[in-house]
Amino acid sequence: MKTSNKFTLTRIIVAPIFFIIYFLPIWLKIPTGSIFSILTVCILIPLLAFAELTDYFDGYYARKHSEVSDFGKMFDPFADVFLHLSTFTCFVFSGYMPTVLYILILYREFSQNFLRMVAANRGTAIAARKGGKLKTVFYVISCFVALAQEALVRTSLNLILGLPDNFLDIFRYVGYGFFFVCVLLSYISFADYLKNFGGLLKEAAE
């Protein structure tokens, strides 16, 4: 396997690991503030950071080693979606991401995936466009904003620091704002993909 694709594959492997570690304290009913609960946060933050960094490295090595391919153009965005939908599911469960926004993103990503499949069937590999890349950046930021909220809860750091009682509520609404921007950017970028590749759908349907 090419070096760039190995980095891409890493995101797919990390996604279920993140999911399991995130839910372990919940499944085992371990209280917040416990050593185990704090330990999960200490693992989740660098794990997510590492996974997101692989998105940079797969592109870097694809260009450096001339490994850019049609497969990579489809594999990279698939890995991004695989990772982000996994993390979003965690945050929906914890209440950091509104369910309606999650569903809207889910619809968009499945629609985008269908467009890629139709295009691939007609010999065209759709690579990530600027709008899609900007959307992904906000996906990443929103994930870390939500994870920061969960970190405060699991470590009880908000109590230790003496933060106002409504701090977490305010922080949650800030997170909602980021996820709202994610939805907005995701549909704007999808409209751009349809503008440039929607003709393939029309041809395939005829």
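How many Å apart are the mean positions of the 18 positive and 14 negative charges of the chain?

## Charges

The two mean positions are 4 Å apart. Here Lys and Arg count as positive and Asp and Glu as negative, while His and the chain ends are not counted. Each charge is placed at NZ of Lys, CZ of Arg, CG of Asp or CD of Glu.

## About the model

This is a predicted model, in which local features need pLDDT of at least 70 and side-chain atom pairs count only at pLDDT 80 or more, while totals for chains, interfaces and linings use all residues. Residues are numbered from 1 along each chain as its sequence is written, and side-chain values use heavy atoms, with hydrogens and water left out.

## The whole chain

Let's look at the overall picture. The chain has 7 helices and 0 strands (DSSP runs of H or I with at least four residues for helices, of E with at least two for strands, numbered from the N terminus). Its C-alpha trace spans about 60 × 35 × 25 Å along the principal axes.

Of the 206 residues, 45% are buried (under 20% relative accessible area, with exposed over 50% and partly exposed in between, using a 1.4 Å probe and protein chains only).

## A look at Thr40

Now for one residue. Thr40 belongs to helix H2, which covers residues 35-64. Thr40 counts as buried because its relative accessibility is 3%.

Leaving aside neighbours within four places in sequence, Thr40 is in contact (heavy atoms within 4.5 Å) with Ile21, Pro25 and Arg154. The side chains of Thr40 and Arg154 also share a polar contact of 2.9 Å. A polar contact is a pair of N or O atoms within 3.5 Å; within protein, one must be able to donate a hydrogen and the other to accept it, and residues adjacent in sequence count only if both atoms are side-chain atoms.
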